[in-house]
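I am opening my notebook to record, step by step, what I looked up in this structure. Each entry covers one topic.

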Amino acid sequence: MMKNRWRQLCLFMVCLIAVFHVSAINIIPMPAYMEKGDSTIICNSFRIKAPKSLSGEVVLLKEALSAQGYAIGDGIKITLSLDKKLPSESYDLRISCEKGIEIKGGDASGVFYGTRSLLQLMNASSKSGILECLHIQDKPRYGWRGYMLDESRHFFGVEKVKQLLDLMAYYKLNKFHWHLTDEPAWRIEIKRYPLLTTVGGTGSWSDPDLPAAYYTQEQIRDIVSYAAARHIEVIPEIDMPGHATAANRAYPELTGGGTPEHPDFTFNPGKEEVYAFLTNVLREVSELFPAPYLHLGGDEVAFGIKAWETDSSVQDLLKREGLKQVKDAERYFMLRMADSVKMLGKKLIGWDELLDISVVQNNTVIMWWRHDRTEQLKKSVSSGFSTILCPRRPLYFDFIQRQGDKWGRVWNGFNPLKDVYNYPDSDLDRWKLSEEEERLILGIQANLWTERVQNENRLDYMTYPRLCALAEAAWSSREVKDFDSFCQRLQDSYRLFDQLGIYYFHPDIKEPQGPVRKEKEVPMDFRD
């Protein structure tokens with residue numbers, strides 16, 4: 001009893017002697033509600049109290065505080081708890097002289113996000129160790145707050161992916177879409193078909209002679225577990241029936257042909273062994289990824305579909321099934337693979353081309369990426385599809401960030417920080433969707449295609465700080481968003497990036513700091 005009273009007295013004295021004022025609440029994304037108190041507390045060490053159900057959140061919080069130089073075991077009390085009255089992913093954070101730091105969450109993810117806000121406050125006050133007494137109530141605007149990394153074109157490896165996941169979690173992003181197969185290389189080990197990686201995993205977009213680089217199933221499980229601890233779902237993409245060149249390089253009997261430039265672009269929809277092969281692949285993939293989704297791509301098949309007009313297996317399929325044209329064979333293929341996905345207990349995700357072949361609405365999520373085809377978005381939501389917004393403009397992070405940048409893509413403009421930040425409000429007003437249609441929008445996602453992203457520096461430069469703008473766009477309501485305030489709060493993120501050795505883009509610096517790597521120009525891919 002005396003020990004507790006002594007601690008309370010010490011805490012009260014700390015509040016009395018702390019006369020410094022922390023002027024800003026430097027949190028990204030901006031919380032829904034904030035109220036500052038009149039007092040401050042000085043933090044040198046912490047003791048954490050939480051139920052066993054939040055042991056994972058405690059471990060990560062201790063690790064992060066220790067990394068910032070704070071002692072763990074005594075000092076200011078941090079209390080973590082669950083409050084079922086709060087919505088999923090929401091949290092309530094209070095800092096007071098009387099009770100120290102209290103974080104309540106509607107679930108474990110809400111508690112986790114509350115600790116990320118606390119860590120951002122600690123990072124902002126790291127020099128003084130002073131925290132303002134305050135009250136924050138916060139919840140996300142969207143349930144889907146995603147980032148996609150293409151590792152078929154260029155491979156980055158376990159440590160870089162984990163660093164990306166750490167920063168996604170720090171800014172409350174919760175979906176990592178992993179593009180693991182495409183034309184240049186196949187990046188995920190499939191035990192039943194080892195040639196997919198030993199042969200299909202060789203090369204990259206810029207160097208076809210590189211030795212095989214891919215993730216073993218053990219590495220996949222490690223990364224998925226690492227992400228789950230940070231409340232991030234990992235959604236794998238196994239592209240089909242187009243973008244299949246790497247798989248067909250390993251198993252040529254699967255090919256449906258393509259174009260002279262890409263002769264093995266498609267899987268063959270007329271061969272039964274193709275469906276057995278891909279279902280076996282998806283079975284192994286589904287066991288590695290507990291998320292309820294499998295992404296099958298389904299995009300840009302038209303770039304290889306002409307070869308089907310003269311393929312005997314495809315022509316036999318058309319006659320056997322009473323199909324009129326090769327486009328019908330594409331629909332037949334996707335419906336069969338959708339059945340495989342459903343059989344595995346997963347939901348199908350695909351790009352918005354799936355709408356062109358009238359894929360069934362049941363058990364399907366659409367990713368709208370063609371910004372110049374607004375009719376695809378309207379078709380998706382009016383047809384009742386759950387839809388994720390990831391349009392090239394402004395959410396393709398391989399697009400340049402300002403006029404004059406040399407490396408990257410341009411599509412009738414570019415994707416600066418402000419455009420990412422203002423999304424989707426700039427378009428929602430224009431689209432005039434009904435309330436029911438707007439409810440079908442699960443959230444937003446940025447995509448980084450890596451044809452021009454040949455090394456880690458380039459990955460960093462194209463991702464940060466646009467990842468921060470994406471996070472606030474996906475989490476914060478339009479009522480609390482303010483770009484000028486965001487830019488001020490970014491200063492702490494820049495310091496964090498410096499500490500982590502991240503080679504980021506700075507909008508106020510014409511030339512980025514650090515070594516500049518020369519990269520040769522490479523041709524545009526189909527997505528341009």
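**Entry 1, strand pairing.** I began with strands S14 (residues 347–351) and S15, which run parallel and are joined by four bridges. Here helices (H or I, at least four residues) and strands (E, at least two) are DSSP runs numbered from the N terminus, and two strands pair if DSSP finds at least two bridges between them. Leucine 348 stands opposite threonine 364 in S15.

**Entry 2, what I am working with.** I noted that this is a predicted model, in which local features need pLDDT of at least 70 and side-chain atom pairs count only at pLDDT 80 or more, while totals for chains, interfaces and linings use all residues. Residues are numbered from 1 along each chain as its sequence is written, and side-chain values use heavy atoms, with hydrogens and water left out.

**Entry 3, the other neighbour of S15.** I found that S15 is also joined by four bridges to strand S16 (residues 386–389), again running parallel, and that the bridge partner of tryptophan 368 in S16 is leucine 389. Between S15 and S16 the chain passes through helix H11 (residues 374–382), and this β-α-β crossover is right-handed (with the strands pointing away from the viewer, the path from the first strand over the helix to the second runs clockwise).

**Entry 4, buried or exposed?** I asked how many of the five residues of S15 (residues 364–368) are buried. Five of the five are buried, where buried means under 20% relative accessible area, exposed over 50%, and partly exposed in between (1.4 Å probe, protein chains only). In a regular strand the side chains alternate between the two faces of the sheet. In S15, Thr364, Ile366 and Trp368 lie on one side and Val365 and Met367 on the other, and both faces are covered.

**Entry 5, the whole barrel.** I then followed the order S8-S9-S10-S13-S14-S15-S16-S17, in which eight strands close into a barrel with parallel pairing. The twist averages 30 degrees from one strand to the next (axes are lines fitted to C-alpha atoms, for helices over the stretch in contact, and angles run from 0 to 180 degrees between N-to-C directions).

**Entry 6, a helix and its lysine.** I saw that helix H4 (residues 158–170) lies across strands S8 (144–150) and S9 (175–179), running at about 155 degrees to S9. Lysine 160 is in helix H4, and it counts as buried because its relative accessibility is 9%. Leaving out residues up to four places away in sequence, lysine 160 touches Glu456, Leu459 and Asp460, contact meaning heavy atoms within 4.5 Å.
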